[in-house]
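I set out to record what surrounds the ligand, how one pair of helices packs, and where the backbone shows unusual torsions. The entries follow in that order.

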Amino acid sequence: MVERRADIAPATGKLGVLLVGLGAVSTTFVAGVEAIKRDISKPIGSLTQMGTIRLGKRTDNRVPLIRDFVPLAGLDDLVFGAWDIFEDNAYDAAMNAGVLEKDLLNQVSEQLSSLQPMKAVFDPRYVKRLDGKNVKTGKNKMDLAEQLIAEISKFKTDNDCDRLVMVWAASTEIYLESSEIHNSIEAFEKALYDDAEDIAPSMVYAYAAIKAGVPFANGAPNLTVDVPALRELSEKEGVPICGKDFKTGQTLMKTILAPGLKSRMLGLKGWYSTNILGNRDGEVLDDPENFKTKEESKLSVLEHILQPDVYPDLYKGFSHVVRINYYPPRGDNKEGWDNIDIVGWLGYPMQIKIDFLCRDSILAAPLVLDLALFMDLAQRAGLKGIQEWLSFYFKAPQTAPGLYPEHDIFIQLKKLKNTLRYMKGEELITHLGVEYYDEGDSASG
Ligand SMILES: NC(=O)c1ccc[n+]([C@@H]2O[C@H](COP(=O)([O-])OP(=O)(O)OC[C@H]3O[C@@H](n4cnc5c(N)ncnc54)[C@H](O)[C@@H]3O)[C@@H](O)[C@H]2O)c1
């Protein structure tokens, strides 16, 4: 039997979900939660709401819903806050994003209209195609962080929240690499005072969240919280962090398919992926500097799953190309094509074609919900720093230094569920299963 890790504090009172960016993903998430609360829709795509977890042996017949197994905040206890560079409230922003039908939005219009974004920390040098007026001014980046910290505290009091979480669902920033100023808390704080260029606005939010004791999840591929200084700070302050980049659409498909091909020892010569996308995210990603951040996050997936170094005969030198093209008529309804050149017995080539007519924000919204609830759970369970068990939700999961990320979605799901079992002191499930055949063995297979 594994030991109970720690007592999990109950999910009493309200949980404030602070959203950075009130665009397509955030408004689809908030409107969705409001619609689900009113029984207008079902929480499809959300593991916390619909998923179950097996406990004990296959013969035990203990399969509760995840939300009945671990104490999660209920949807009725969620309160939303947001920052955006545009002044539009969530109703106008949702109409503008064009993801959900007007009819649905009108049924939850009161809740959406009352969600008015706070002034953003923003600099157009980091998001080339955007500019807005709802932006904070300050002496330097530390001053902006302090303004955010004060706002976070005011939000908590004004909304009578017991706890808060923050999710970055704002535009993808330009590509940044970790540098000297990201290496320690001291260097990072000095850089905030010095207005250093290597500190992107997303890092100012992440710093403010951690300092305020608020778990931070990064839904975009920006570097943000994936630097030594913020990792160290999150451990010091006892705050959970995770990222990067919600795993939806094409990358979701990749991490479902690639493990399957590899499990049968089928080879790969090339995987060509292209997308057309017409929402604001697509417009931002049309800029090469912003696209580079996304490309890095999308490209690493196959290398890690297929392990060409371990299986050179199957995967050495495969070609992997990812393109995103901004095409306004499609709006949020992205179309992603994949051409996969695989190799079978005796080297015979085969092809797989995928045409995924997906809806980006419909796939991302339940991820925001799950991350908010699980990050809050993590904090109540006394977990801090990187939450690798939430890799399931990300294209480029954040891991401890020197540790390669697990991209295989099935391994990620096992890891997530075993972490929940571990939190509650339940037997981990190994899938070995000898106990059903050999008497006296007690593992859970
Ligand atoms: N939808 C998906 O499937 C998906 C998947 C993975 C990642 N993402 C990422 O999630 C993010 C949100 O996607 P979206 O479709 O909602 O985009 P969006 O353009 O509709 O919304 C982003 C919002 O962020 C605001 N913003 C930009 N910089 C800001 C800042 N510094 N502070 C506050 N607000 C800021 C913008 O004004 C905009 O309203 C993007 O970075 C996107 O790449 C989305």
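Entry 1, ligand shell. I looked up which elements supply the shell around the ligand in this predicted model. I found that helix 1 (24-37), strand 2 (78-84), helix 12 (280-285) and helix 15 (360-380) each contribute at least two residues. Helix 15 gives the most, with four residues. I recorded 35 residues around the ligand in total. The closest of these are G21, G23, V25, A220 and R280.

I then sorted the shell by residue class and noted 20 nonpolar, 10 polar and five charged residues. I also checked the domains that the shell draws on. Domain 1 (14-246 + 361-423) and domain 2 (249-357) each provide at least three residues of the shell.

Entry 2, helix packing. I turned next to helix 1, one of the elements that supply the shell, and examined how it meets helix 4 (residues 90-97). A packed pair is described by the angle and the distance between the two axes. For helix 1 and helix 4, I noted that the axes come within 9 Å and cross at roughly 115°. The crossing is left-handed. On the side of helix 1, the contact is made by A24, T27, V30 and A31; on the side of helix 4, by A90, A93, A94 and A97. By class, I listed seven nonpolar residues, one polar residue and no charged residue in this contact.

Entry 3, cis peptide. I looked for a cis peptide bond and recorded one that joins G243 and K244, with omega at about -10°. K244 lies in the loop between strand 6 (240-242) and helix 11 (249-263).

Entry 4, positive phi. I inspected T224 and noted a phi near 40°, a positive value in a residue other than glycine. T224 sits in the loop between strand 5 (216-218) and helix 10 (228-237). Is T224 buried or exposed? I classed T224 as buried because 27 C-beta neighbours lie inside 10 Å, where the cut-off is 20 or more.

I then inspected M265, which is not a glycine and yet has a positive phi of about 55°. I located M265 in the loop between helix 11 and strand 7 (267-277). M265 has 11 other C-beta atoms within 10 Å, and therefore I entered M265 as exposed, the limit for that class being 12 or fewer. I closed the entry with the two assignments set side by side: T224 is buried, whereas M265 is exposed.

Key
Residues are numbered from 1 along each chain as its sequence is written. This is a predicted model: local features need pLDDT of at least 70, side-chain atom pairs count only at pLDDT 80 or more; totals for chains, interfaces and linings use all residues. A residue is near a molecule or strand if its C-beta atom, placed from the backbone, lies within 6 Å of it. Ala, Val, Leu, Ile, Met, Phe, Trp, Tyr, Cys and Pro count as nonpolar, Asp, Glu, Lys and Arg as charged, and the others, Gly among them, as polar. Domain bounds come from an automatic or database domain assignment. Axes are lines fitted to C-alpha atoms, for helices over the stretch in contact, and angles run from 0 to 180 degrees between N-to-C directions. A crossing is left-handed if the near helix is turned anticlockwise from the far one by less than a right angle, and right-handed if clockwise. Two residues are in contact if their C-beta atoms, placed from the backbone, lie within 7 Å.
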